[in-house]
Structure formats: C-alpha cells, structure tokens
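Hi everyone, thanks for coming. I'd like to walk you through two spots, so let me put the structure up.

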Amino acid sequence: MADATASFKDVPELFEVELGEALTARTESLSTFRELGPPDLCHIVKSTGRTGQRDIGSYHFVSGVDASSSASLAAYINSLTYSIEDNSAWFSKSTAWKVRNGCYCCFNAFSRVDIRVDVKIPGGVVAYVVDLRGERHEATPEIWQETYLSALLRAILYSDDPTYWLEAYRKLDPITTIEGELRFLQAAEALFMKGWQVGSDPEIQVATVVSNHLTAGVMKYFSSSGRCQPAANLFEKLAAREPEIASLLARSYIGMNEEVKAVQIMSAAMKHTPHSYTLLHVQSDFLRSKGRSDWALKLAKEAVNCAPSEFVTWEKLTELYIDTKDYESALLTLNSCPMFTFNGRDAHRALVPAKVHLPFQRQIGDILPEKTKSEDDVADPALLRLPAPGLRGTWARAYSLLTRLVSDIGWDELLKTRSVVFVMEEEYRMQKAQADIQKVATSHSAQDVNENAAVIHEDGSVTAGNATLADDDASTRGMSSPLSESESKPEFENGLNVSAIPIIRVSSESDTEREIAESTRNGIAEQDEQSMTLEKPVQAAAGEEPEPSQVSNSYQEAFSFTNKRLCERWLDNLFMVLYEDLRVWTIFRAEVAHFKTQHVAYRKTGIEWEILGDLGMRLHHKEEAKEAYQRCLDTSRYSQKPWAKLLEMYADEGDITRTIQAAIRVAAYQYADYTEMTYPTLIARCFFKLGQIHGHAKISFTLLSMGLPDPILKIMDSYLQYGKTFKVEGYDF
C-alpha cells in the first residue's frame, strides 16, 4: 500500500499492485484499439532513495497534452514532480518520496502504434515506438506528426462525451493559443487524405475522406464556437485536390451565413461528383432549413441510391418522410435501415488498483452535494429496467426516429400505420394455413383417390383418408406460435435483449394504479396524449413471404400481401421498447395529475426524477422533462446530468442568469472529475450561443453582479477569455 506522502496534491492516481503492470496491460491491449485509441497513459515510478525501500508505481489517464515531440511530453512528466505531496516537517523522520522516472504513452491512430517517452529524473529522455506486436522502433518526424494530431482529435472528440468515463482521467485544454490552432490546421491539412484510417462514428459503415473522425474533429472544434472561417479556408485548399470535400466546404460557408457562396459551391461540385451522398445531404439539409422538405426529399432519395449500405442515407430519408407527413413511407424506410454492430470508444483494460487517490478540488467543489450514496440514489426497479437507455449507435438513432413518429401521430395511429405497411403475425399464420390447406386439397384431387380409402403408413398402421386431413390440420395448428431463429437469441448486438419485457409498476404506493384508474374513469386525471389503456403492440411476422401461387384465387381477392412488407425483427423489438417507455410515461403523468388533484406532494428520489427527465426528453416532452430535472435538483443526489440538461435548455431560451447558475454547477462537477479544460465543452458552447445574442460583455457583467468567490469567478471568466483570444462572435460587444 502506498504511503500518503507518495501522492500528488492535485492529480488523480491509481496505484499499482505490481510495478509496471499498467504499461504491460497497455502493450497487450494495443491490437484491440480499432480507431482513435484510448486517452494517453502517464505512468510514474516514485522512490524514497533508501535501500530496502520498495518503489511504488502509479498511473493516470490524460488528454490535451501537446504530443508533438518528446520534449513536450517529458515536460508534462517533469511538471508532476512539483505536484507531489510534501508532508514532511523539520521534526518528522519520514522520508520524502520523489518521482524517479515516468513513461508517457500516446497512441498513433494513423499508423496504429504507441509512441512512448521514458523520462529518468535526473537523467535523459528516450522516445520510441511500440507496434501491435510489442516490438520497439525508432520515432520518425512523420510518426510524431500523426501522434500529435491523434492526441488532439481525442481531446476534442472525447471532451464532453457523457458515455465515455474513466477513473483518474484528467482533461486539459488541447489548444490555448492562435499559434496552437494554426499548428492543428497545418497537421490536419497534411494528413487529411489519410483521415479515413482513424475510423468514423459508429453510424458510418465505411470511413471515407469526408466522413471520419478527423473531419468530425475539425467540424466540432470550429462549429461549436461559430468560427467556420478557418475550417472553410482549410477545405478550400483541399477541395481542389478532392472534389468530394466540397460538401464540407459548403457546410462551413452555411455556418458562416454565406449561403449564396455555399449554393455556388454545391452547384459546381455536383458536376464533378454527382453521386456523393454527403454532398446530396448538405443540399438536402439546406433546402429543409428553408422549408422545402419536398425538394429535400428528392435529394435524400438520390442519396440512398448512391449509398444504399449507409445507415445515414436511410435515416435522412426517413426524417424527410416524417417532415412531409408521409408516415407509411417513413416506417417502411426506417425498416430498410442497415443496422451495424456498435463499437464503443477504445478503452484501456481495467486493472484492480492497490489504492485510488482522487484529490478534491476545494475552491469550486464546496458547492456540490456530498459524494456519498444516499436514498436519492435508489430507484424503482421498473425505472432502472427501461431498455431504451441501453441502445447505442444505429439502434439509438433508429429509436429516435420512432419516437419522433409517435410524437407526431400518437401511439394508436402509429400502430395502425404499422399494421397497414407490415405483415402482422396473425395475418401470416392465416396466409400460411390457407396455403397449406389449398396445397393438400390440390394434392388429393390430383391423385383422384377415394376420400375414404385406407392409407398405409410407414409404421404399418392403417387409417382412413380423413385422418390424413386431420394430421394435416394438426401440422397447421402446430404453426400457431412458431419461434424463428431470430427470436431465440438476444436481438441487439450491443447486448440489449428485449425479448421478454416484464410488467412493471412505477409508483412505490401499492394501490396507486388502482386509484389512478378510478380517477381516470371519473375524469379527474388528464393525460397528455396517451390513454391509460395503452395498447400493447402485437408481434409482426418474421419469416419468408408466402408465394402467391400457394394461395387460392378466392383468398387472394379477400386478402393480399402485394402491398405489405415483413417487419425486421430489430424494428419489432424497438416497438416493444417504445411501448415500455410510453407505458411508464403515461403512468407517471397520470400519477402527477392525480396527486395534484388530491393536493398531495408527489415524491420521487433524485435518480428517479433524473430517469423521468431522460424519458421525457426521449419522448419529446421537453417541458415535462425540464420540470423533472428541476425536481431532481431539490434532492441530495450527486449528479451532473440534470444541471447539464438544464444548462442547454436555458441557453436555448436565452436566459443568461439561469444559464450562468447552471454553468457554475456543471463546471464544479467537471473540475471535481479533473476536466480542467475550457473548450470545446458544453459550457463554452452555451456561453457562445448566448454571446451571439447578448454579447460577451453582458455575460461578464452578469457574472460580476452575482458576487461569486474569486476561484469560481476565474473559472467562469476563462470561457469568455477564450472567446476574446479566438474572436468568437460577440466577444467585442
């Protein structure tokens, strides 16, 4: 166990059980990194210098450190030597711990190697490359440039990803000066054509020169602050070499409100690359923003023809069908979306540490609730079991389209639309049964056999002809509940299985549902859109479509599958996920209405309010979700999410005071988790959104008028200082 004096004052650490085990585990994991790679690893060895005293090893994760040379990485390790706790006094006999050496590991996503810098104190610096087999090589200037850009992209894209969390993960500002931004642009330009090598978002099937993590990082960095001019300059130079990059250039000009220029670029580019789905999507989005969804729809159809294997093309087409209120086509298009296996962010192999040291940031952390488990962290199992939060990648995006559909037309109408466009299970059974009966009748008439003639079976038994029909009927009856292969295993490749969703109760009161049902009958409780008797979706058919030749003419006249499709099993499961969300939401809103009518306080724990807020956002009930998040703040739950969600809502509403109040809490949570970065973060985006309307001066004066403690004021002012340095819109008024 590590001595307390061996810890850093303000840097999180995980202490090793065996010295060097973190480096060994990283080397073994290199071949599993698929895309950008995990955050950088900084491994430190500390020693007292006394003979017989065992050295101890610790490590932490970090992003935002300049990885352009061995000197810059060595400088970071050297800075840690000044952070070590010094608890020794003149009367103390304890020996002080010193940093003896360190190793900084940074993954190069382009060449798929790990660059490492060993620092001995005092002593020299050694830089080398470790490949996927664990062999060492020399670090070349090209490798360093790729490593520098890889580290920047991770810092930008992982800056505020709520799904990516690591213990002892320190986030620093990746770019702090205009010179640093220019270096970023130069590296991006030099390596742009190799950008597809670093991978892409999970919704993109094949990474291309315009759809990858590099382009996503550049667009996020510049568009989050509304500064698209540097991005446009970059793409202007590159578009001359690769015409397809015109789609990124046009998007940049639209972000700069240079729409005429953007239209000219799109028009010229279409002559060179008429089959670029990214270019068609930019045009489609532009027309959609101008209220011409009918024109945008034609472009989205063409994009599907150009890239039928990409999820995003079908997704865009579905959205536009919803815009144009063609809900049957929207559902059929959604059913055609190609779904991909979800691959999350690259991560280190988790090791069990001997000790965890997470120092608390006192200057801003005092405004947070205690980080201890309480009754506000306990939720009804029904809420915890909701399957929708477990959806990832294409499944999450498809579910978002489904919730948009139900928000537009309601649950009952959605079920009707579903039964119109898809073959339902009962219909499929009827069709199969009729086909089998017809086949048997045809077979018997062809053989011209007496109806009562005896039949000799293989086992020697003799039965009348009627028994054969009875047997055939039995086989038909046996089809009443077929279990297809797809039903016998979990339906989602991301681990979510919704094949058997339990009946749930939302309220903790035993007779709440009975009371609510009674109140509903009396007309007391009023629901938003749904009825308390929410219809459960019946199963859609999953099997081969019956051949028309198998069905009799008379039956075809009464019923036909010519205008129906088979529903994909994953979409059928999403309907069940949506049903569970709607059922819980309906009960929740009915409970709220009932308790208001009875003038009784409606109580939930902090985590329950948070889950209900998330549920409201998923189902597009923004005001009710906002209320749930606000109720969560009245509890003692330690959670950043409700503050972050409210921060976005207040910024969208242009409410400066409430935005700042929420931003202070979000900043406190971020600093408590060692996110010591200003941009690109959620707070910066919200401040810059307000700045475009009110100007940065008004935000600054509002901060001063709140009488904040100096440490908190300094942190909040850092976002405005970034705006001043990089001339974000609104910085000068």
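Let's begin with a pairing. Please keep in mind that this is a predicted model. Strand 5 and strand 6, the latter covering residues 125-130, run antiparallel and are joined by 6 bridges. If you want one pair to look for on your screen, take Ile115, whose bridge partner in strand 6 is Val129. The hairpin these two strands make has 4 residues between them, and there Gly123 has a positive phi near 150°.

Now to the other partner. Strand 5 also pairs with strand 4, residues 98-108, in the antiparallel sense, this time over 8 bridges. Here you can pick out Val119 in strand 5, the bridge partner of Gly102. This hairpin too has 4 residues between the strands, and Arg112 is the residue with a positive phi, near 55°.

So is strand 5 largely enclosed or not enclosed by the rest of the structure? Of its 8 residues, 113-120, 6 are buried, so the rest of the structure largely encloses this strand.

My second spot is a single residue, Asp377. You'll find Asp377 in the loop between helix 13 (362-365) and helix 14 (381-384). Is Asp377 buried or exposed? Its relative accessibility is 16%, and the cut-off for buried is under 20%, so Asp377 counts as buried.

What does Asp377 touch, leaving aside neighbours within four places in sequence? The contacts are Thr372, Ile607 and Arg637. With Arg637 there is also a polar contact: the two side chains are joined at 2.6 Å.

That's my tour, and I'm happy to rotate the view for anyone.

Terms used:
Residues numbered from 1 in each chain as written. Predicted model: local features only at pLDDT ≥ 70, side-chain atom pairs only at ≥ 80, totals over all residues. Heavy atoms only, no water. Buried < 20%, exposed > 50% of the residue type's maximum accessible area, 1.4 Å probe, protein only. Pairing = 2+ DSSP bridges. Polar contact = N/O pair within 3.5 Å; in protein donor to acceptor, adjacent residues only side chain to side chain. Contact = heavy atoms within 4.5 Å.
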